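Trainee: Got a minute to go through this one with me? I'd like to start with what sits in the middle.

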Amino acid sequence: METLNNKSVNYKKVKAIKKIFSLTITYLILIIIAIFLAGPFIWLVSSSFKTGQNIYTMNLIPHPFTLANYIGVINFISIPKYILNTVIITVSGIVLDVVLASLAAYPLACMDFYGKNLIFSALVSTMILPAAAGLIVNYLTISKMGLLDTLTGVIIPGAVSVFSIILLRQSYLTVPRELIDAAKIDGASEFKIWYKIMLPEVMPAISTIVIFDFIGLWNSFLWPIVVLQDPNKYPLATALKYLSGQFNYKFGYVAAGTVLSIIPVIIVFLAFQKYFINAVAGAIKG
Amino acid sequence: MENKLKKSLIAYLFILPAMIFLVIFVFYPIVASIPLAFYDYSVVGQSKFVGLANFSRAIHDHEFWVSVENSILFVGVVPPLQLLSILLAIFVNRKIKGISFFRVLYYIPVVTSMVAVSITWGWIFDPQGLLNTFMIKHGIFSKPISFLNDPRFALLSLMFITLWQGLGYYMMIYLAGLQSIPKELEESAYVDGATRTQALYKITIPLLKPYIWLCTFMSILSAVRVFDVVYVLTNGGPGDATMVTSVYQFQKAFTDFNFGYASAIGLLVAILTTILSILVFIYGGRKGGMSYY
């Protein structure tokens, strides 16, 4: 009897040790992957506090520690101005997309009208058919509108995305029809139904769109360099490329500028990380 | 009938604001870029119709074909390797303390601009950068490798950076897929005596198929369009070792201001891309992969 008990105690012990061992391995692997994926940024932050002489060293703790790179880069380029440009582009882009897409997707999901299928297939086909020279034609259009070198010219070509319309249509489809029918019996207009009943129902899809637009617009790079000539109007990503071109011999400045450009987006991401992660899942389930 | 007419009117009022933008900036460019390719377009003077001259120039343009080749290499390498995110997703799909902290950490490259990512990796890959310093210190390299200036490594380095940035994004999609698989399925497989690898191949991977197709499709599209990382780090160089179609077209259009020729290149690339996406679409669709993407 005693030996049996001993055995089971031993067995439990072995199991517990095994569990601790496998957990340790798991965390070890998690940390190694974290170093791989976040390490470059940590090294960048540490480099931004290093002096010119020791900028290439691998030491993670900057010694001597200096703020000279930050002071230098802030004196050279006006970071707040670039942040303001980026905020203008991002916020107006998001607002336009949310308003226009949520309006357009509603009848595509919930109303029966002439040409519905045609419009819907046209929208879907733009997601597969690449515009051969979309960049060039849009540049010419913006130029004809007299909007070259303006933030408006940066914003309006992407004012509404087909992806958002399709995502929202999918989301409207899941709203129970009884809700609409009940409102109709009460004599509500289509606009009122959309605004009062449908919009609150599709809020999860809207938050998905806000997040995708935020990442896309905040980091937009190609279209701004096409439209904007005056570096003072650049958004952050474009300004960063400009900075690295001006200062490729002074990595400290570029590192500090890069860190400053990443901070806002990291803060927003950390504050809303739950939504970010749900957004990816939400976009797939539609 | 009259009711439907009235309804259509209301429907179009909802669609109209978005449609104005879509017509000007999405539909019009698809149509208008085609005639552009047949002109010697001049920004200031008179544009001249040149027939197929732009296309025959493209066909004889060595650098264009190099860019097509590099883009195909990009599409051939990056999307298949993107599947590694599945392993990452399976690994983080467990309930242990602090796991969401790690998931958030892995997602940081995704929210960071490609320009910032490129600059960071550009310095890691520099002959005097972190990687070379480390490798030489530990005697793995005898002399520094100039990853971005050596034609043998430049394109591979750019592919690596692209993959690195996308890893967390695809991980999250696969994670959503994994979490939609009912736990009972795997558990019952274990009860029936299946090993972990068997359960992975027989249950997890087949159920992840729609997600695998979605990620492959997205990854192919972004590999075809790869621009930022190339433009920031090598601008097609050294020589034309990393020239891809998007950068070549951009240079022809906005460095040389040769809009006609750039449009012809774009059209040729568009035809290739459309064939590719239809193939993926049909293949993925037949396998029951994608519902509406």
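Trainee: So which residues have the most contacts inside the largest nonpolar core?
Mentor: Keep in mind that this is a predicted model. The largest nonpolar core has 145 residues, and those with the most contacts inside it are A101(A), A104(A), A18(B), M171(B), Y174(B) and I265(B).

Trainee: And which helix gives the most to this core?
Mentor: Helix α8 of chain B, residues 154-180, with 13 residues.

Trainee: What is A101(A) in contact with, leaving aside its neighbours within four places in sequence?
Mentor: In its own chain, V160(A), S161(A), S164(A), I165(A), L168(A) and I209(A). A18(B) is on the list too, from chain B.

Trainee: OK, on to the chain contact. How many residues does it take from each chain?
Mentor: 67 residues from chain A and 65 residues from chain B. On the chain A side, helix α1 (residues 2-48) has the largest share, twelve residues.

Trainee: How does the chain A side divide into nonpolar, polar and charged?
Mentor: 54 nonpolar, ten polar and three charged.

Trainee: Switching to chain B by itself. How many helices and strands are there?
Mentor: 13 helices and two strands.

Trainee: What's the radius of gyration of chain B, against a compact globule of 293 residues?
Mentor: Chain B has 24 Å, while a compact globule of that length would come out near 19 Å. Its C-alpha atoms fill a box of roughly 80 × 75 × 30 Å along the principal axes.

Trainee: What share of chain B counts as buried?
Mentor: 41% of the 293 residues. As for contacts with a separation of 6 or more, 69% of them in chain B come from residues 24 or more positions apart.

Trainee: Helix geometry next. What span should α5 of chain B have, and what does it have?
Mentor: Residues 99-111 make 13 residues, so at 1.5 Å a residue the helix should span 18 Å. The end C-alpha atoms are 19 Å apart, which agrees.

Trainee: Which residues in α5(B) are buried?
Mentor: F102(B), R103(B), Y106(B), Y107(B), P109(B), V110(B) and V111(B). Remember that residues three or four places apart on an α-helix point the same way, because there are 3.6 residues a turn.

Trainee: And α13 of chain A, where does that bend?
Mentor: At I263(A), by about 30 degrees, and a proline, P264(A), follows within four residues. The end-to-end distance still agrees with the expected span: 30 Å for the 21 residues 251-271, with the end C-alpha atoms 30 Å apart.

Trainee: Where is N93(B) found?
Mentor: In the loop between α4 (84-92) and α5 of chain B. Not counting residues up to four places away in sequence, N93(B) touches L175(B), L178(B) and Q179(B). N93(B) is also 9.6 Å from Y174(B), C-alpha to C-alpha, though the two are 81 residues apart in sequence.

Trainee: Why does N93(B) count as partly exposed?
Mentor: Because it has 17 other C-beta atoms within 10 Å, and a residue needs 20 or more to be buried, or 12 or fewer to be exposed.

Trainee: Last thing, backbone oddities. What is phi of D149(A)?
Mentor: Near 65 degrees, a positive value in a residue other than glycine. D149(A) lies in the loop between α5 (134-144) and α6 (151-155) of chain A.

Trainee: And F257(B), buried or exposed?
Mentor: Exposed, because F257(B) has 12 C-beta neighbours inside 10 Å. F257(B) also has a positive phi, about 50 degrees, although it is not a glycine, and is found in the loop between α12 (245-254) and α13 (259-286) of chain B.

Methods:
Residues are numbered from 1 along each chain as its sequence is written. Chains are lettered from A and ligands numbered from 1 in the order in which they are written. This is a predicted model: local features need pLDDT of at least 70, side-chain atom pairs count only at pLDDT 80 or more; totals for chains, interfaces and linings use all residues. The radius of gyration is taken over C-alpha atoms; the globule rule is 2.2 Å times the number of residues to the power 0.38. Two residues are in contact if their C-beta atoms, placed from the backbone, lie within 7 Å. A nonpolar core is a set of buried Ala, Val, Leu, Ile, Met, Phe, Trp, Tyr and Cys residues joined through C-beta atoms within 7 Å. The expected span of a helix is 1.5 Å times one less than its number of residues. The bend at a residue is the angle between axes fitted to the seven residues ending there and the seven starting there. Ala, Val, Leu, Ile, Met, Phe, Trp, Tyr, Cys and Pro count as nonpolar, Asp, Glu, Lys and Arg as charged, and the others, Gly among them, as polar.
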